[in-house]
Every structure is written in structure tokens, then in C-alpha cells.
Amino acid sequence: MTSASADSSMDFDAIVIGAGWAGMYMLHRLRLLGLRVRVLESGGGVGGTWYWNRYPGARCDIPILNYAYSFSPELVAGWTWSERYAPQPEIERYANYVADTLDLRRDIQLNARVASAVYDAGNARWAVTLTTGDTLSGKYCIMATGAFSEPKKPDIPGIDSFEGDILYTARWPRTPVQLTDKRVGVIGTGASGMQVISALAHEPVDRLYVFQRTASFATPAHNRPMDRSEIDAFVAGLDDYRRSIRRTGSGMLQEGPSGPVSGLSDSDFEDRMRQSLRIGGPSVIGGIADLLSSEVANKRVSEFLRRTVREQVKDTATADVLCANGYMLGARRILLESDYFEAYNQDHVTLVDVKRNPLVEITARSIRTTAAEYDLDTLILATGFDSGTGAVLRIDVQGSSQELKEAWKDGPTTYLGVMTHGFPNMFMIAGPGSPSIRSNVMVSIEQHVEWISEFVEYLEKNAVRAVEPSEAAEQAWTRHVADAVDATLLRRDRDTQYFGANVPGKPRVYLAYVGGVDAYRIICEDVRDKGYEGFYFNPESPRRAATRLAWSGPRDDGSISMRFGSPVI
Ligand code: NAP
């Protein structure tokens, strides 16, 4: 596998940080503009999330045809997926296929961790320095660092004294891990935990202890093999698909029933939910238009999902603990499961309720809760990430007059989730304040990359040295992002990773725009059509002082939609 090396010429038009979906597509688009680009990737291969998260059971939880790139019919047609929810090894191979097909490797530098990015206002250029000390320079610095790329180590007393193997799902080793006949503990029952637990429950481990603090809501994935004809049909309808996906709120196409559920009779509600469950996938919940606007709907669906848990788990006490409680459905990610709940019917799988009996300490060979001690050979941490901002803030980013850590000390502020005031020529892909982690991120990434490349083309054609959003536009957008949350039931549960609550000391600011992928795209296009309203072109000629935002109210079907109002210049 060849890749770019730290060569003699370190000056580029653009430096892209990260070679996941966002970084690879960004590189491709910027190259089409004739720009000289260098991508810096800390991993030893491409794929971002899908390079690092290689734990047993890791697979996408959005149908893979909707979760792969859609911008190139050739790229889509040239790859055959084996399953509807493709497993990680296949997705990682796909990332390599994309890198090869688009000839990306020569501009991607692997094993290159960025330590700092410093803006030089005099030259309007970024100096990006690696942990090796090498410095590269670029007019544009593009953060394609991912929303879930900075793993979070749990703060459990004694964790460093454990003498068995500690494995992070987000940093799973590339060499085979031997778990046969081992006593394995898993901490964490979010998306990663649920997948690794389901997989290991079917492996010949001696015991599997699941330490659960918060139960997750989940619906069945109903994964199945895919044949070539399905892919060919998708390619034939690709243009229509691209058009339709843009009009969705979530970046996903709905399968099966959709519409509000609060007004349905009990039997109609039950029929509708059972029909959705037979189809499975994200559409079970995605079709509930009033999930985040009606408490009645939300409670009704929550109770229904709890009932499905009780139907699958034989031991009633275990089933009770597995039923998500104490937060609103949708406040945390709703998961897709494959035989997850049924795993607890096996004798060697034990659920430990660490909400009721909290973890006390990890010793050399065990985990102790307030009620019992569990001897372990291997401990798996599926404990999540410093989401949304962790990877960017890990880099020492210094703008024209301030550090990013300082600028965001009360939470991230952005304009459209794409740029931030005081950091000229620095773009973010799927950054905080964009739909990113509350959408099909691939759709959001493609939209961002295409919008940013058009913008860069405009800047280059108009010989703009430096661009940044006005403070007023940024404040207005940041307020709008918060208003969008407050317009939904999401405002009630602030104790979630989406609000940054899983990281001690992190400001409680909602990390994504929940107004919808469709509304967001219209807003971005509107900003573009108005000559990139809200941005300063060159610090010496500020224009477009402010932008007013308006709330358009719920859509007719009860779901949420936001839009920009008329500008105030
Ligand atoms: P997560 O959703 O943040 O889950 C972390 C889990 O660890 C939670 O159950 C949390 O419990 C638990 N935890 C953390 N610290 C703990 C402690 N000290 N003691 C006990 N429990 C502790 O992280 P994730 O599962 O890695 O998922 C993160 C995001 O990655 C997801 O939202 C999803 O978007 C993405 N993801 C996607 C896929 C996919 O597409 N297939 C797969 C994996 C991940 P509390 O909730 O009580 O804090």
C-alpha cells in the first residue's frame, strides 16, 4: 500500500485532516478544482471510523447502499456488498477500494497525527504540525476529523491496575484477539457495546459479564444477504435516490409505515408497529413523525419497545433491567440489534446492573460493584467518545487571535457547522452545529464536501485570500441550532452524549443540528445563492453583518422542520 510521504515540498493549497469518508471525498473534490492537497491521517490506513472500530460484530446500522458514497455511479457499480448491514472488514475494504479507484493514496499521508494547526494572518495560511515535528502549510485547513474518533476512557478507580487484557472497541487491535474460554467483561451498552456483546455471546467464551449503566432502546436490524441484482437496481435509480435522500429529514429513506402515531387507536398502533418491526432497520423509528414532538407518541413507542424486550428475554428480572428507562426515546441513539436481547437467555451471559449497584473499582483480576465481585481475564471498554468536538479540540488549533479551545470554552459555536469565526480558511466537515451525528452521516458528509468545494472554487475564482463567518452570523446560527433542539422533546434530556454530558466538564451544548438534513441543505444553498451571506471575504472588507433566523413550525406530518428567515444586512 503506497501513500504520500513527508516529502521535501510541504506547501499545499489545502491540508485535510483525516482520511475517513469526509477526508477522502474532500481530497477528490479539491483535486478536481486543480488544487494541491495533502491529507494527514493518524491511522495506518484509510477509512476513519471503519479503520479503528474493528471489534467483533462491528457493522453499519444504516443500510449499506445508503451509507456508502453515492456521488459516483461508477464507484457504486464497481463494488458488491454481501449484506444489507455490511460488516466492518467489508466496509474497510470498500474504503481501500475507493482510495485505489480514485487514486487518492498519493496525496494521503498515513500514520501522521496532527499536533497543532496555527493560522498565520499575515500570509493567510495555516501551518499544520505533526507529532513528529514536521510542519506543512496550506491556504485551507479542512477538519475531516470525525465525530466519534476520540475514545473516552472511563474514570473507574483502579482501571490501570487490571492485569488482564483491556480492549477498547474504538481501538481494537489489528492482530487476532483470543477470547476462547476467557471470562470477558464488557462495560458499555451503546451502539458499540450492543454489537460486541451480540457477537461475543455466540463465541466460545467462558463467561460474558455485561456491566450496564443505562439500557438502550433498540429495534431489530433484520440483516440479510444482498445479491448483485439489488445493487444493479440501486445504480439504475441512483439519480432518483440522490434527489429523494436530499428531501428527507434524516438522510435515510423510509421503508414501511410512516406518519404520526399519537392519534392512532390501540389496535392500529399495534398493527403499525408490528408491521414496522417485521421490516426492521432504522425505519421502525424513522417513520414515527411525531416521536420528538408528541409526548404521547414518544411514551407509546417507548412502552411498545419495552414490551418487545420482555417478549425476547426469558428471565423477567433481566428483561426489566434491559428495558430502557429514565430518559426519553430519541434522546440517546436508538440502536439496531441482531439477537442482542436473546443473548441474555444463554446461561454464560450475565447482565450486571451497575446503575443499581455501581462499579466500585477494577482490581488486578476483577471488577467490583457495590454488590459483588466478578473475576475477569479480559475487559472490553465500549465506553464511547468525546463526541463532536473531541478530535478537533485534541489538536492545538490557533486562529487569528485565539485558540479554538478558548473560543469554544462554553461550547462549540459555528456558522452552519462549517466554519467558525476567528479561524479563517478553516472548514469543518460534519462539524458541530451541522446535522452530522443526528443524520445518516454519509449523506451529510457528501453535502458538506460538495458545498465546501463549491465555496472554495468561488473563493479561488474571486481571488479571496481569507474567509470567515461574521460573529453575528455565527451567533445567529448557534442560537438557531439550540432553538431547533428546544423546539423538540430533546430539550428535556440533557444528560446525554449529544449534549456532551458523557465527558466530565464538557459544556452542555447540543452537538448537532436537528432541523433536518433537508432544511439544512436548503439553508446552505440559500446562503450560497446570496453570495455566501454571513461570511467576511478578506478581513479588511467585512460584509453581510447579520442574518436573521426564523422558525417555520412543524411539518404537516408532525415532524420538525426549520428554515432560515430573510437576511438582515
Ligand atoms: P456511547 O453510545 O456513548 O455508549 C457508551 C456506553 O458506555 C454507554 O452505555 C455508557 O453508559 C457506558 N459507560 C461509559 N462510561 C461508563 C462507566 N464509567 N461506567 C459504566 N458505563 C459506562 O458509545 P458507543 O456505543 O461507542 O456509540 C457512540 C456513537 O458511535 C453512537 O451514537 C453511534 O452514532 C456511533 N456508532 C455507530 C455504530 C454503527 O453504525 N453501527 C456502531 C458503534 C457506534 P451511560 O449511557 O450510562 O453513560
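1. Two strands count as paired here once DSSP finds at least two bridges between them. With that in hand, take β13 and β14 in this predicted model: a hairpin of 3 residues joins one to the other. The two strands run antiparallel, and 3 bridges hold the pairing, with β14 covering residues 366-369.

2. Here are the residue pairs, if you want to click through them. Leucine 359 has threonine 369 of β14 as its bridge partner, while glutamate 361 is partnered by arginine 368, also in β14.

3. Next comes the other side of β14. β14 and β15 make a hairpin too, again with 3 residues between them, and 3 bridges link these antiparallel strands. Arginine 368 turns up here as well, standing opposite glutamate 373 in β15. So which residues does arginine 368 face across its two neighbouring strands? Glutamate 361 is its bridge partner on one strand, and glutamate 373 is opposite it on β15.

4. Put together, this is an open sheet of 3 strands, in the order β13-β14-β15, with antiparallel pairing. β13 (359-362) and β15 (373-375) are the edge strands, each pairing on one side only. From one strand to the next, the twist averages 20°.

5. On to the ligand. How many residues surround it? The shell has 25, and the closest are Arg59, Asp61, Ser192, Thr214 and Arg332. By type, the shell splits into 10 nonpolar, 9 polar and 6 charged residues. Helix α6 (residues 191-200) supplies the largest share, with 3 residues.

6. A few polar contacts are worth a look, all to oxygen atoms of the ligand. Threonine 214 puts a side-chain N or O atom 2.5 Å from a ligand oxygen. For aspartate 61, a polar side-chain atom lies 2.8 Å from a ligand oxygen. Alanine 382 uses its backbone instead, with an N or O atom 3.2 Å from an oxygen of the ligand. As for cover, the ligand on its own has 910 Å² of accessible area, and the protein covers 86% of that.

7. Last, the chain as a whole. The protein chain has 18 helices and 22 strands. Its C-alpha atoms fill a box of roughly 70 × 55 × 50 Å along the principal axes. Does the radius of gyration agree or disagree with a compact globule? It agrees, because a compact globule of 569 residues would come out near 25 Å and the protein chain has 24 Å.

Conventions: Residues numbered from 1 in each chain as written. Predicted model: local features only at pLDDT ≥ 70, side-chain atom pairs only at ≥ 80, totals over all residues. Heavy atoms only, no water. Near = heavy atom within 4 Å. Polar contact = N/O pair within 3.5 Å; in protein donor to acceptor, adjacent residues only side chain to side chain. Areas by Shrake-Rupley, 256 points an atom, 1.4 Å probe, with all protein chains shown as cover. Helix = DSSP H or I, 4+ residues; strand = E, 2+ residues; numbered from the N terminus. Nonpolar A, V, L, I, M, F, W, Y, C, P; charged D, E, K, R; others polar. Axes fitted to C-alpha atoms, helices over the stretch in contact; angles between N-to-C directions. Rg over C-alpha atoms; globule rule 2.2 N^0.38 Å.
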